Amino acid sequence: MTTNITFTMVKPDAVEANNIGPILAKINQAGFKIEAMKYMRLSKEQAGQFYIIHKDRPFYGELVEYMSSGPIVAAVLSKSNAVADYRKLIGATDPSKAEEGTIRKLFAKSIAANAVHGSDSDENAQIEADFFFSKLERF
Ligand code: CMP
């Protein structure tokens, strides 16, 4: 199977709880290579732009406030079947529905503060990776 990419963020709740290290360890143990990474804080405008596909959802305002409330770690990950395998590793959006051993089951606090983001398609993985990283920042 060809190698492809997914995009992830360690969200403000997981950064605040000192879980960057344990989450990155899970990512590496599951066989993902880190192609790009940065530690930064999104402005409200940037968070709103990143999640623009959700702009008509009732939780959009809360999501934008939350994602700009503290620093995040953004990363591009590569592996065969990256998008689907990463979604399996992180578990369901709502941590109360996530399987045992998944990143969200282990580290997420709520559906909004759910520890990590993971791309939902190859197309969105490219869009999201390009939102955060230039070609010079990808390895
Ligand atoms: P993420 O995978 O980053 O993609 C969109 C995010 O919206 C999702 O994770 C959740 O954090 C958030 N989200 C989805 N549904 C809800 C909800 N019902 N209430 C609050 N936030 C939500």
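The following exercises, each with a worked solution, concern a predicted model and its ligand site, two backbone angles and several residue positions.

Residues are numbered from 1 along each chain as its sequence is written, and side-chain values use heavy atoms, with hydrogens and water left out. Because the model is predicted, local features need pLDDT of at least 70 and side-chain atom pairs count only at pLDDT 80 or more, while totals for chains, interfaces and linings use all residues.

**Exercise 1. The ligand shell**

Determine which residues are around the ligand and how the shell divides by class.

Solution. Begin with the criterion, under which a residue is near a molecule if one of its heavy atoms lies within 4 Å of it. The residues around the ligand are then Lys11, Tyr51, His54, Phe59, Glu62, Leu63, Thr93, Arg104, Ile111, Ala112, Asn114 and His117. Next, assign classes: Ala, Val, Leu, Ile, Met, Phe, Trp, Tyr, Cys and Pro count as nonpolar, Asp, Glu, Lys and Arg as charged, and the others, Gly among them, as polar. The shell comprises 5 nonpolar, 4 polar and 3 charged residues.

**Exercise 2. Polar contacts and cover**

Find the distances from ligand oxygen atoms to the side chains of lysine 11, arginine 104 and asparagine 114, and state what percentage of the ligand's area the protein buries.

Solution. A polar contact is taken as a pair of N or O atoms within 3.5 Å. For lysine 11, a polar side-chain atom is 2.8 Å from an oxygen atom of the ligand. In arginine 104, a side-chain N or O atom lies 3.2 Å from a ligand oxygen, and for asparagine 114 the corresponding distance is 3.3 Å. Turning to area, the ligand taken alone exposes 460 Å², of which the protein buries 81%, the accessible areas coming from the Shrake-Rupley method with a 1.4 Å probe.

**Exercise 3. Positive phi outside glycine**

Asparagine 18 and alanine 115 both have a positive phi; place each in the chain and decide whether asparagine 18 and alanine 115 are buried or exposed.

Solution. Helices (H or I, at least four residues) and strands (E, at least two) are DSSP runs, numbered from the N terminus; buried means under 20% relative accessible area, exposed over 50%, and partly exposed in between, with a 1.4 Å probe and protein chains only. Asparagine 18, with a phi of about 60°, belongs to the loop between α1 (12-16) and α2 (20-29), and its relative accessibility is 65%, so it counts as exposed. Alanine 115 has a phi of about 70° and occupies the loop between α6 (103-107) and β4 (116-118); since its relative accessibility is 0%, alanine 115 counts as buried.

**Exercise 4. Two residues of helix α4**

Locate glutamate 65 and methionine 67, and give the accessibility class of glutamate 65 and of methionine 67.

Solution. Glutamate 65 is part of helix α4 (residues 60-67) and, at 45% relative accessibility, counts as partly exposed. The C-alpha atoms of glutamate 65 and glycine 48 are 8.7 Å apart, with their positions 17 residues apart along the chain. Methionine 67 also lies in helix α4, and because its relative accessibility is 0%, methionine 67 counts as buried.

How values were computed. Polar contact = N/O pair within 3.5 Å; in protein donor to acceptor, adjacent residues only side chain to side chain.
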